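Visitor: I would like to go through this model term by term, and to hear the reasoning behind each label.
Guide: Then let us set each value beside its definition.

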Amino acid sequence: MAEKAKIAILISGRGSNMAAFVYAAKSPDCPYAIELVASNDPDAPGLQLAQAEGIATFAHPHKGLAREAHDAIMHDAIVRSGAEYVVLAGYMRILSDGFVRKWTDHMLNIHPSLLPKYKGLDTYQRAIDAGDRVAGCSVHLVTAELDDGPVLAQTEVAILPDDDADRLASRILIAEHQLYPATLARYVTREADPDWILDQVRQRALALAETHERPSFGAPGWRVGSATTGKYFAYFAQSHHGEASIALLVKTTGLDEQGALIDADPDLYYAPKFYGKSGWIAIRLDTGSTDWDHVADRLYRSWCQVAPKRLTRLIAIADQF
Ligand code: GRF
């Protein structure tokens with residue numbers, strides 16, 4: 001199994017979600033390990049549980065400190081622990097923009113509503129008052145806006161006729177304890193998920209001018225130009241033609257460049273089958289350490305090879321400035 005992702009959990013209170021992570025992480029095939037449980041409250045009950053389970057803890061009260069200063073102290077502790085992901089689990093602090101930026105795409109939160117409904121507090125009563133038939137919880141990436149980042153997963157929880165906020169909250173909490181550890185597991189292993197990889201390629205390919213997607217013999221492909229005269233500049237190969245790897249196929253300037261790339265890094269590049277002496281190169285996307293800027297650059301170079309002159313001419317002019 002690949003190395004486990006290192007996570008830090010931030011709590012302010014009882015830490016029942018944190019406990020769910022602690023027990024999930026005891027499973028040998030869990031893809032993450034908890035390096036630290038940290039709190040803004042030294043008396044948070046969750047800290048005791050973490051200590052009893054042999055997990056490193058850290059606490060620093062926020063009282064008397066500017067938000068940025070307290071966040072910086074927490075950030076340092078997290079970095080020192082070696083954690084690559086921050087998991088907010090009932091951390092009752094609004095985070096400074098600087099802290100959020102440092103952990104972009106590496107910080108998750110759970111919120112007890114079906115986002116985008118009911119951001120902020122009092123979510124259960126608001127759902128009941130609105131006459132909703134279902135409430136629930138959402139795991140989302142943390143962005144500068146409160147409870148607003150991209151939702152990774154949700155669980156719906158039925159509202160019963162005689163529910164009050166407390167009863168509903170306790171059922172949603174059960175759902176949280178299932179959803180959060182499972183979602184984190186999927187998130188930290190996303191780079192091995194072919195759909196995630198395809199989506200990364202797609203975003204970068206379609207960001208180039210006048211491109212569209214069109215499958216070619218069942219594989220996703222991207223073309224530049226019009227729907228009728230467009231030319232392919234990239235293909236996504238997933239176990240294509242019997243090759244085991246997931247790879248991006250792009251055009252080089254020719255056989256010389258293709259050969260030079262393979263010589264320079266034979267673990268990353270190979271000559272794709274059935275593209276013979278055409279100068280197409282395969283770049284593996286399943287090594288676990290894909291450099292996505294490099295992929296974007298290769299897509300762009302390939303696009304330049306086949307794009308209509310009127311497009312490449314504009315770029316040549318722009319490059320002079
Ligand atoms: C949960 O209700 C969660 O949805 C919210 O804070 C609460 C944390 O509870 N973000 P616990 O400390 O994990 O028990």
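Guide: Burial comes first: a residue is called buried under 20% relative accessible area, exposed over 50%, and partly exposed in between, using a 1.4 Å probe and protein chains only. The model is a predicted one, in which local features need pLDDT of at least 70 and side-chain atom pairs count only at pLDDT 80 or more, while totals for chains, interfaces and linings use all residues. Residues are numbered from 1 along each chain as its sequence is written, and side-chain values use heavy atoms, with hydrogens and water left out.

Visitor: Why is Asp-147 called buried or exposed, whichever applies?
Guide: Asp-147 has a relative accessibility of 9%, and therefore counts as buried. Asp-147 sits in the loop between strand 6 (134–141) and strand 7 (151–158), where helices (H or I, at least four residues) and strands (E, at least two) are DSSP runs numbered from the N terminus. Its phi is near 55°, a positive value in a residue other than glycine.

Visitor: What makes a positive phi worth pointing out?
Guide: Most residues other than glycine have a negative phi, and most peptide bonds are trans. Asp-105, which is not a glycine, also has a positive phi, of about 65°, and Asp-105 lies in the loop between helix 4 (97–102) and strand 5. With 41% relative accessibility, Asp-105 is classed as partly exposed.

Visitor: Which residues does the cis peptide bond join?
Guide: The cis bond links Leu-115 and Pro-116, with omega about 10°. Pro-116 is placed in the loop between strand 5 (107–111) and helix 5 (123–129).

Visitor: How do you know whether helix 1 and helix 2 are parallel or oblique to each other?
Guide: The axes of helix 1 (residues 16–25) and helix 2 come within 10 Å and cross at roughly 15°, the axes being lines fitted to C-alpha atoms, for helices over the stretch in contact, with angles running from 0 to 180 degrees between N-to-C directions. Angles under 35 degrees count as roughly parallel, over 145 as roughly antiparallel, 65 to 115 as roughly perpendicular and the rest as oblique; helix 1 and helix 2 are therefore roughly parallel. Met-18, Ala-19 and Tyr-23 of helix 1 meet Gly-46, Leu-49 and Ala-50 of helix 2, where contact means heavy atoms within 4.5 Å.

Visitor: What makes Leu-49 buried, exposed or partly exposed?
Guide: Leu-49 belongs to helix 2 (residues 45–52), and its relative accessible area of 29% makes Leu-49 partly exposed. Leaving aside neighbours within four places in sequence, Leu-49 is in contact with Met-18, Ala-19 and Tyr-23.

Visitor: Why are helix 7 and helix 9 called parallel or oblique to each other?
Guide: The axes of helix 7 (residues 194–206) and helix 9 (residues 292–306) come within 9 Å and cross at roughly 50°, and the two helices are therefore oblique to each other. The contact involves Trp-196, Ile-197, Gln-200, Val-201, Arg-204 and Ala-205 of helix 7, together with Trp-292, Ala-296 and Leu-299 of helix 9.

Visitor: Where do the bounds of domain 1 and domain 2 fall?
Guide: The domain assignment gives domain 1 as 5–192 and domain 2 as 194–319, such bounds coming from an automatic or database domain assignment. Taken over C-alpha atoms, the centres of domain 1 and domain 2 are separated by 39 Å.
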